[in-house]
Amino acid sequence: MSNITLTNISKRYTADHPPAVDNVSMEIEDGAFMCVLGPSGCGKSTILRMIAGLEHLSDGEIAVDSKPLDNVSKGIFIPPEKRHIGLVFQSYALWPHMTVSRNIEFGLKLKGMSKEERLERVAKMIVMLKIEGLEDRYPAQLSGGQQQRVALARTLAMNPGILLLDEPLSNLDAALRLSMRAELTRLHQEFGTTIVFVTHDQWEAMTLATKIAVMSKGELQQLGTPDDIYERPANRFVAEFIGNPPINMIPANTSAAQTFLQAIGYQDTPPIGAQLGLRPEGIDLRRDASLSSVLATVTDILPTGGAWIIELNVGSNETGSEGYHLVHTTQTPPHWKQGEVVYVHVAPHAVHLFSAEGDRLSLEAQPEVMVSSSNSELASPTFVQTKLEDTP
Amino acid sequence: MIAVTDSKHLSPMRRLRHKLVIAQRDPTLLIGLILLFIFAWLIAAPILNVMLEIMTVQSGDEMRTGTEAGGITTYYLERVFSSRMSSIIFWRPLWNTLMVAFTSMILAMVIGAILAWLLVRTNLMGRRWLSTALIIPFMLPAWTFALAWTTLFKNATIGGQPGWAEAMGLQLPDWVSYGAFPTIVIMTLNYIPFVILLVGNALRRLDSQLEEAGQMLGASKGSVALSIVFPLMRPAIMSAALLIFADAIGEFSVPYVLGLPVQFETLATSLYRAIGTQQNGVAAVFAGVILVVGMATLALDTWMMREARRFAIIGSKGAMERRQSLGILKWPAFSIALLMFFISVVVPMGALALSTVMHLPGRFNLSNFTLDYWIGTNLDTIALRNGILLSSEFWNAAWSSVRIVGSASICAGILGLLTGYIVLRSPLRSVSITLRQITFFPYLVPGIAFAAAFLTLFAVPHGPIPALYGTPIILFLALVADQMPFASRAGISAMTQLGSDVEDSARVAGAGWLRRMFSIILPIQRNALVTAVLMPFISGIKGVSLFIILAVPATDVLTTFSIRLIDFNYTQAANAVVLMIALIALLGTLLINRLTGTGLAQGLES
């Protein structure tokens, strides 16, 4: 119900440390389900806390619906208690001395809502978040999942235009994560609230968000849909951060890399220091050689339950060097043995090229390579963990 | 993406304006500054003032110094440090102070560490019960033991009723009855519980897997103790030793009760005497010396703690507790611990209690027992003709004790919690560091020196503040300031445990500062607040130093009342009053322990 505009925001805690957030700008549209993703210490939680008003800016502006909440140059700061933004803390931060109903009721009381209205709203929230029967319990008597539901109920009861979530699924076990994920998606659709959440967990980001902002060292690396981020990583950091197991990186000047580049029709000479990225699931192994394949040795096969990780060594016998380590994932049972020699083929969408500085180099405007029918598995880019989604 | 503006080159004025707007929305900084102001006035100003007094000519000393009152002089320094009198008035008391403090510190450390180890690391019989029982002396005023000593071992050197030993026909030499020896014994007994608490806590945190790892690698038990346990315990041991030493330097009541008959003076008693004889300049010098020694000791402690942090014990999370079997030493160890309990609790308390129901000391026949000193009427004494429980003087003193100490403790507790809040939440680090240090400062200043400092500052009117000497207000203020170390430590540790999320979530829910305080922080910290009030209350009610200097007959409290009874030689009544003080202190401590589990140990630790 609200859009958020971050304009060149920065946060510096001390002068002698690099900024926690460095000149980040982004537009979070009305009704978006936005994720700020990055490793710990990348500044993502700081961004969330700055939107909530719990931290103030060192530079730039945060505005909601064009109304500035925090603007350094204009000297504007609206305190968090006046922003009417919902925030669910990673620790849930339930008030330990209040029962579940009192926790939910507290904010409504501050709004000046009448007793009947409050009770009605609390009852509605309790039903909606399926925490019936827990009304009179204290937070210490609740499980982690229940606490999170209460924290959500407490925030949603205020009917905020913007909902901020700090690592919403990270403290939950696998089964709860799935049901909570479904819950959050449903709430998003039902309320149409603008949701921003931060996480270091790419699975959480990919499965929940409609848009992802990838952060590193306080800087915004890429902003895009989950597919954008995965299929067209803006730089080497994004490519390596997203994907599990991580993308394979080999120097672009090796003969193996050259072969892969030619296979997808790349004609130029890659610049010095460039790196070739290969998604593990975008590799196909075959028994027969072709012009566009590279010889490899299977070094290890690791079953992960329904999927397999195959570790390969490429290029070791070329010049007596150690060669390069490649990881391949597949969901069909592998018919290779350890030590067996195979030929590696790549699918065009799985290949990425990055300059020595880490920027993405275009492989486009290159003629598409024919994809043979035998590797239909490569036709659809599969995110390795998507299988988790299928289980109810 | 929006083009980069040159926002990095904003003028400092703009940034300042933004900061001010933020500060205006959150009273944390403002409250921090107010607290700083209060403590500057209550803590820093008196101490600075006493330092100035050292160099200032006092009224009445114009002739001696040849300068008019208020001028600058080195007369007092010379008189104390380098005059013909200085060996008597200063060097001898200084030697006595250091000797007593050092000896009792060493003795307490050795005995206390052994007891701590027995209680925490071995299968000592009855250790649960003993670990409470052996702490009891800590809850009692130190001079209770001094009075018990005189009750038992007083000889004929001074008049009044004889001690029990004397009454039973034992002739005791002066050195047993008075002076350094009994002072050291009493102070040692009083500090042993402190060592048990501090060293015991450190031992409890020490993962016994560390010892086992040593043993697995082939080290003998002896070399494990020497090369693993002792180095890891060293910070706690050193810290306990220094805290005891700093406290012992300023101890007043024990040498006052035990030293007087043989002119055994320490710095604290000399200071008291100097104030009593209107030598304010000399008193300021004594206060200054006590201050400097105390501060140097605590500075050493801070420095050592910083060193110690370099080898903070890793992985205390999975700490295993394994107790060593005492085997053949089971009975001897138990007897030693039990003996300690008898020496430090049963004998002194028993002697005091019995003395209050006996006409003549040390005679155990039925006709000698009486309840007159508690509930008698029309006694044949000059003053105090009723038993203390029936005398209005006692109840007045008790009431004003509770009133003055109580209100000061409530005030200190609230200030302590607020200090904890600001220390953790202040947007300016400098404010939180200064607050943390200034509230701990009175700990460095022995009570007697602090009282002297208060006297010099508040005895005369300053600006809008009238002269406060002789009013309960000066006692109240001095108590608040003196108790801030305990109160602020309790507040800081409580707020550290709370974390900021709980308050932040209330903020996001729309609660302003006052609302957050009253609906979130205070209800959650209810127990911490009670501790922050009760700790100062106990320490205040049993304290002597502040009252003996700042109280006047109009503001009589239990401690000054009982000291007056001692001076009048009403031994039984004095002991009865002291027992009542001990009872209040004991009940209060038990209340804290009930409320917080390990409140006492925690309060000491942080």
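**Exercise 1.** In this predicted model, find which residue of E2(A) stands opposite A:Thr5, and say how many bridges join E1(A) to E2(A).

*Solution.* Start at A:Thr5 and cross to E2(A): the residue opposite is A:Glu27. Next, take the two strands as a whole. E1(A) and E2(A) run antiparallel and are joined by five bridges.

**Exercise 2.** Identify the bridge partner of A:Thr7 in E4(A), and state the sense in which E1(A) and E4(A) pair.

*Solution.* From A:Thr7, the bridge leads to A:Glu61 in E4(A). The pairing of E1(A) with E4(A) is antiparallel and extends over five bridges.

**Exercise 3.** Decide how many of the residues of E1(A) are buried, then give the buried percentage for chain A.

*Solution.* The cut-off is 20 or more other C-beta atoms within 10 Å of a residue's own. Eight of the eight residues of E1(A) are buried, so the strand is mostly covered. For chain A, with 392 residues, the buried share is 45%.

**Exercise 4.** Describe the contact between chains A and B, working from residue numbers to elements to residue classes on the side of chain A.

*Solution.* First, the numbers: chain A contributes 30 residues and chain B contributes 29. Second, the elements of chain A that give two or more residues to this side are strands E1 (4-11), E2 (21-28), E4 (59-64) and E6 (76-77), together with helix H2 (100-110). H2(A) supplies the largest share, three residues. Third, the classes: 16 residues on this side are nonpolar, 11 are polar and three are charged.

Note on methods:
Residues are numbered from 1 along each chain as its sequence is written. Chains are lettered from A and ligands numbered from 1 in the order in which they are written. This is a predicted model: local features need pLDDT of at least 70, side-chain atom pairs count only at pLDDT 80 or more; totals for chains, interfaces and linings use all residues. Two residues are in contact if their C-beta atoms, placed from the backbone, lie within 7 Å. Helices (H or I, at least four residues) and strands (E, at least two) are DSSP runs, numbered from the N terminus. Ala, Val, Leu, Ile, Met, Phe, Trp, Tyr, Cys and Pro count as nonpolar, Asp, Glu, Lys and Arg as charged, and the others, Gly among them, as polar. A residue is buried if 20 or more other C-beta atoms lie within 10 Å of its own, exposed if 12 or fewer, and partly exposed in between; C-beta atoms are placed from the backbone. Two strands pair if DSSP finds at least two bridges between them.
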